[in-house]
Amino acid sequence: MTDNATRAQLQANHLWDRVVYAKKVLESYQTQYSVVYEDPFNDDNVAHVLHPDPHWMAMAMRGDIVPEISAYMNMPLEQIYERQGVYQSITTQGHQAAEVKHRMKLDGWVFQGEKVLPTHELHTAQTMPAMTEEQAIEYLIMKDVPGQVWKADRSNRPRFMICRRDQVPSDRKHRQAWRLAA
Amino acid sequence: MSTLRVDNIGRRSGDTQDTLEGQAKAWANWNGTGAAALRDSFNVSGLTDQGTGSFSFAFTNALTNSNFNSVASGGQGVPNTIRDICVSRVDQIATGVRMETVRGSNNSSTDFLIGNFSVMGDLA
């Protein structure tokens with residue numbers, strides 16, 4: 001691909017090739033935003049902070065590189081669990097995978113591994129057009145933050161907050177006490 | 001003796017996966033102190049700071065399964081300081097990996113100035 005590859009050229013390539021292309025030709029972009037969220041599977045856990053990758057931000061803002069979010073949200077996964085010598089296979093999708101894993105762990109099942117089923121659409125989904133910085137953060141939340149955190153029907157209060165990076169404490173002395181303010 | 005100087009290596013047939021077998025599919029170098037940050041990376045969409053010495057990374061292009069190889073290292077970047085460091089992979093799924101940075105001598109989670117990992121496996 002040339003440095004000014006067109007949408008059609010990018011769309012015709014494997015996601016991996018688009019990532020390689022982006023690393024080669026795009027300047028990284030350090031966003032001013034971070035996302036602070038609660039651990040949806042353990043209310044007592046410390047606040048998590050998502051820092052977007054500067055190369056990924058550049059890809060999202062360039063457009064035509066990252067796939068539509070549905071490619072991640074609907075990614076089919078087969079998970080294998082074991083309990084007392086009994087194995088169980090569960091087919092799940094996107095963010096459900098983390099929820100299933102948590103529930104199975106509570107039931108005493110040990111996670112053995114997972115695989116992405118060949119019906120995934122990472123390489124065939126339409127690519128996203130250029131996003132603004134804010135749109136890219138919203139996309140990344142849907143991709144990398146558990147759905148239980150941001151789906152409106154899962155909680156009666158906000159469980160995440162988009163903040164400026166300089167609002168995240170730089171002193172980690174009390175890191176294990178960080179909580180999302182009510 | 002001849003010297004090969006090329007920009008791309010590929011098969012005459014086959015797909016990306018054939019060409020890339022054995023290469024690192026994701027890597028990152030991060031700062032685990034202060035407000036954590038990625039210095040540089042490849043095929044990583046973000047770093048999630050999950051507490052002292054606990055960091056997870058999500059892949060842009062997922063791997064085909066969770067049975068990939070991951071290697072990691074870390075340190076404080078200063079000679080003759082902490083040497084009993086350990087960066088351990090504590091969880092890996094097809095879409096990402098979680099690392100913990102600890103002091104080997106007392107098994108305590110510690111934030112390091114420099115953390116690195118790379119992942120080898122098959123792409124989804």
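Two strands pair if DSSP finds at least two bridges between them; strands (E, at least two residues) and helices (H or I, at least four) are DSSP runs, numbered from the N terminus. All views show a predicted model, in which local features need pLDDT of at least 70, side-chain atom pairs count only at pLDDT 80 or more, and totals for chains, interfaces and linings use all residues. Residues are numbered from 1 along each chain as its sequence is written, chains are lettered from A and ligands numbered from 1 in the order in which they are written, and side-chain values use heavy atoms, with hydrogens and water left out.

**View 1. Strand β2 of chain A pairs with β1(A) and with β3(B).**
Strand β1(A), residues 33-37, runs antiparallel to β2(A), and three bridges hold the pair. Within this pairing V36(A) has V49(A) as its bridge partner. The pairing of β2(A) with β3 of chain B is also antiparallel, over four bridges. Here P52(A) stands opposite G46(B). All five residues of β2(A) are buried (under 20% relative accessible area with a 1.4 Å probe, protein chains only), so the strand is largely enclosed by the rest of the structure. In a regular strand the side chains alternate between the two faces of the sheet. For β2(A), the buried residues are H48(A), L50(A) and P52(A) on one side, with V49(A) and H51(A) on the other.

**View 2. Helix α3 of chain A is mostly covered.**
Seven of the nine residues of α3(A) are buried. They are P54(A), H55(A), W56(A), M57(A), A58(A), M59(A) and A60(A). In chain A these buried residues pack against α2, β2 and α6 (133-144); in chain B they pack against β2 and β3 (44-49). Contact here means heavy atoms within 4.5 Å.

**View 3. Four strands of chain B form an open sheet.**
The strand order is β2-β1-β9-β5, with antiparallel pairing. At the edges lie β2(B), residues 37-42, and β5(B), residues 69-75, each of which pairs on one side only. From one strand to the next the twist averages 10°. Strand β1(B), residues 24-31, is joined to β9(B), residues 114-120, by six bridges. One residue of chain B, A26(B), stands opposite V119(B) of β9(B). Helix α2 of chain A, residues 15-25, lies across β1 and β2 of chain B and runs at about 120° to β2(B). Axes are lines fitted to C-alpha atoms, for helices over the stretch in contact, and angles run from 0 to 180 degrees between N-to-C directions.

Chain B has one helix and nine strands, and the helix comes before the strands when the elements are read from the N terminus. Of its 124 residues, 48% are buried. Among contacts in chain B with a separation of 6 or more, 58% are between residues 24 or more positions apart.

**View 4. The largest cavity involves elements of chain A and chain B.**
A cavity is a set of points on a 1 Å grid over the protein atoms alone where a 1.4 Å probe fits but cannot get out, and its lining residues have an atom within 4 Å of a point. Grid points are joined across faces, edges and corners, and a volume is the space filled by probe spheres set on the points. The structure holds two cavities of 30 Å³ or more, and the largest contains about 90 Å³. Its lining has 13 residues, with V19(A), A22(A), K23(A), H55(A) and M59(A) nearest the centre. Two or more lining residues come from each of α2(A), α3(A) (54-62) and β2(B). Seven of the lining residues are nonpolar (Ala, Val, Leu, Ile, Met, Phe, Trp, Tyr, Cys and Pro), two are charged (Asp, Glu, Lys and Arg) and four are polar (the others, Gly among them).

**View 5. The second largest cavity has a volume of about 40 Å³.**
Chain A contributes Q30(A), H51(A), P52(A), P54(A) and R165(A) to the lining, while chain B contributes A36(B), A37(B) and L38(B). Strands β2(A) (48-52) and β2(B) each supply at least two of the lining residues. By class there are five nonpolar, two polar and one charged.

**View 6. Two loop residues, D64(A) and N43(B), have a positive phi.**
Most residues other than glycine have a negative phi. D64(A) has a phi of about 70° and lies in the loop between α3(A) and α4(A) (70-73). Its relative accessible area is 12%, so D64(A) counts as buried. N43(B) has a phi of about 60° and belongs to the loop between β2(B) and β3(B). N43(B) is buried as well, with a relative accessible area of 3%.

Methods
1 Å grid on protein atoms, 1.4 Å probe; cavity = no way out; pocket = protein on both sides within 12 Å on 5 of 7 lines; lining within 4 Å. Buried < 20%, exposed > 50% of the residue type's maximum accessible area, 1.4 Å probe, protein only.
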